Every structure is written in structure tokens, then in C-alpha cells.
Amino acid sequence: MRRDWPQAAVVYQESVTKALKALGGVNIARDAETDPGRRRTLVAPALDQLDLRTLDPWGEQDESAAVVLGVKAAGAVVLPWPLVHELALAPHLRREADGVYLFAGATGRLDHADLFEHAVAVDLVRGGASSVTASPPQPAPLDPFASGVVLGATELDIDAPRTVSMHLLLDAFWVLGALGTAVELAVLHARERQQFGKPIGKFGEIRWRIADIALALDGLEELTLHGWWLVRQAAARPADLLALRVQMLESANVVLSNAHQVLGAMGLCEEHDLTVIDRHLQSVLHRPAGLIASTDLLAQAVAREGFDGIYPVPARR
């Protein structure tokens, strides 16, 4: 598959990357943990200047590509803003609601829910929508921007399958960006860290781990592009996007675990960006469903509708 993106979208991604680096990169997320108010005073104005929050991921090819690449750039610094939850809401609904979440089963916490006034949540299993009422933030070490929530009835007429597909797709691009930064950090350390008179990247154990994380990242990049193409063609089925989520979760496990091994104790220090990236990814890696639950949902979807691939799987009759 060709991986060429529209040139206008690539230029836009570069602009987003440059702007977020100027704001502090991963330090934006680190600082927002101690001062959550910076999300509104610093992050939101920056995104407004970039017009990223107003773009339409279902729009024309250039605009749609700009959205997903912009989300990837924001994920690269684990930007502390519910960008995916905003963009996954269809533009014509953004006057009635300001964000959308996915959930599966009992849900008592959602990330950045305190920033929304009229958010909704879509049931990943049943497809129905609920209103979201958030309490003040209840941060936790691995859920730094969570708020307690109560789900209720809503009259909003939302296209659940379409919304779920876009949300899962944008989640994957967000995580792809974050994992790309994690790989860069691991590779840089392997090149610069000296042991026994040579870079540790020269040792077989480190080289194998670098190869594993590079392969995991490359596979996820390929599948996110394919997922975007399927959504653009209106050909994406639930199994396609759930397969993307499973791949996203498996890739994250490979990249994060091996990156920590490459960096050793340094990668566990609060001062290192890898720790911040890992911590801030946990909410999207566990909500709406972790690896086991996502795999189960994928198996159910394949049984219902089959799965198109190199080895097609027919639906269970």
C-alpha cells in the first residue's frame, strides 16, 4: 500500500507539530497535571489558532487527512485536551453537543469530562447514546485528567455506527503519534548511551528490542492508513475498526514495554518524557475496552459479519 498523504495535509501536520513543540511538547501534559487550568488557558487557544477543533474528519480528502495527521501530531506530545472526543462528533451535531465518548459496560470515569458542558457517550456494544454529567476532576496516577461521570438519557439523534468508527480511527492515530515519540526516545537512547566503550544499540539484546518496537509501530501505521481509507470509502465495518483497536493495543504493549527496557531505570523517572507518555496513554488504552475486552468484541463482530482480509473469514450462520 502506498503511504503518500495529500501534500496539504502533510504541511498542516508539520504546522501542528511546530506549534505544539513551541508550547513545550510533552511538557504541556506534564505541566497540566499540576495545573489542569492550563488546558483551557494554553492548550485550547493554541488549537483554535490552528483551527484543528473545527475541521471535519468526514470532509473532503485533504481536510480529512489533515484531521487525522493533526490528531497524530497532538498524540505525539500526548496533548492534554479531548481532541478525539470533539472531532469524532459529526459537525452538524456540534451545536447540540460538544464531545462524544465511547463506553462498554459500567462507566464511572471519563478523561477530560470536566471540560464539556453537553457531552454524550455512545455504547460500543449496543449503539445507544447517553448524556454525560461530570463531577469535578478526580485525578489518579494512571488517569490524570479523569472526572467522575453519570450517564443519563439523551434526545440527541446520533449516528452511532458512524461515530464509533470515527472515534476508534482517531484513537488509533492519537496513539500512533504517541508511540512514534516513544520509539524516537528509545532509539536516541540506544545511540547515545555508552556501555563498555560503545553505544548500547550495538548489543544484540537492545537491537532486537529496537527492531520489535519499530516493527510494531510500522504495522500500526499501515493499519491506521488502511482504516482511514476504509472510512473514506464508507466501506469500514465494525470488525475493521475493532481489529484496528486490537492492533493498536498490541502495538502499544510492545512499544512501551520494550522502550522501558531499552531506557532502563531512566525511563521510569518522572523527569523523562517516556513516563509521561506511558501514563497519559492509559486512559485511551483502557477505555472503552482493554485488550481482552476489545478482542472479545472483535470476535463477536467477525462472527456476525465475517472479516475481509488475506484469509477471509465468513460470517457464522
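In the predicted model, the loop between α7 (204-232) and α8 (238-263) contains A234. The phi angle of A234 is positive, near 55 degrees, although the residue is not a glycine. Most residues other than glycine have a negative phi. A234 has a relative accessibility of 73% and, because the cut-off for exposure is over 50%, A234 counts as exposed.

A positive phi is also found at V78, which is likewise not a glycine; the value here is about 40 degrees. V78 belongs to the loop that links α4 (61-75) to α5 (83-87). The relative accessible area of V78 is 2%, and since buried means under 20%, V78 is classed as buried. Of these two loop residues, then, A234 is exposed, whereas V78 is buried.

The helices α4 and α7, which precede these loops, pack against each other. Their axes lie 12 Å apart and form an angle of about 145 degrees. The crossing of α4 past α7 is right-handed. On the α4 side the contact is made by Q61, S64, A65, V68 and K72, and on the α7 side by E221, W228 and R232. Sorted by class, this contact comprises 3 nonpolar, 2 polar and 3 charged residues.

A further backbone feature occurs in the loop between α9 (273-286) and α10 (291-305), where P288 is located. The peptide bond that joins R287 to P288 is cis, and its omega is near 10 degrees. Most peptide bonds are trans.

The helix that follows this loop, α10, has 15 residues, for which a rise of 1.5 Å a residue predicts a span of 21 Å. The C-alpha atoms at the two ends of α10 are 21 Å apart, so the expected and modelled spans agree. Five positions are listed as buried in α10, namely S294, L297, L298, A301 and V302. Viewed down the axis of α10, these buried residues fall within an arc of 140 degrees and therefore line one face of the helix. The elements that cover the buried residues of α10 include α8. After α10 comes G306, with a positive phi near 80 degrees. Unlike G306, which is a glycine, A234 and V78 have a positive phi without being glycine.

Notes. Residues numbered from 1 in each chain as written. Predicted model: local features only at pLDDT ≥ 70, side-chain atom pairs only at ≥ 80, totals over all residues. Heavy atoms only, no water. Helix = DSSP H or I, 4+ residues; strand = E, 2+ residues; numbered from the N terminus. Buried < 20%, exposed > 50% of the residue type's maximum accessible area, 1.4 Å probe, protein only. Expected span 1.5 Å × (residues − 1). Arc of directions from axis to C-beta. Contact = heavy atoms within 4.5 Å. Axes fitted to C-alpha atoms, helices over the stretch in contact; angles between N-to-C directions. Left-handed = near helix turned anticlockwise from the far one by under 90°. Nonpolar A, V, L, I, M, F, W, Y, C, P; charged D, E, K, R; others polar.
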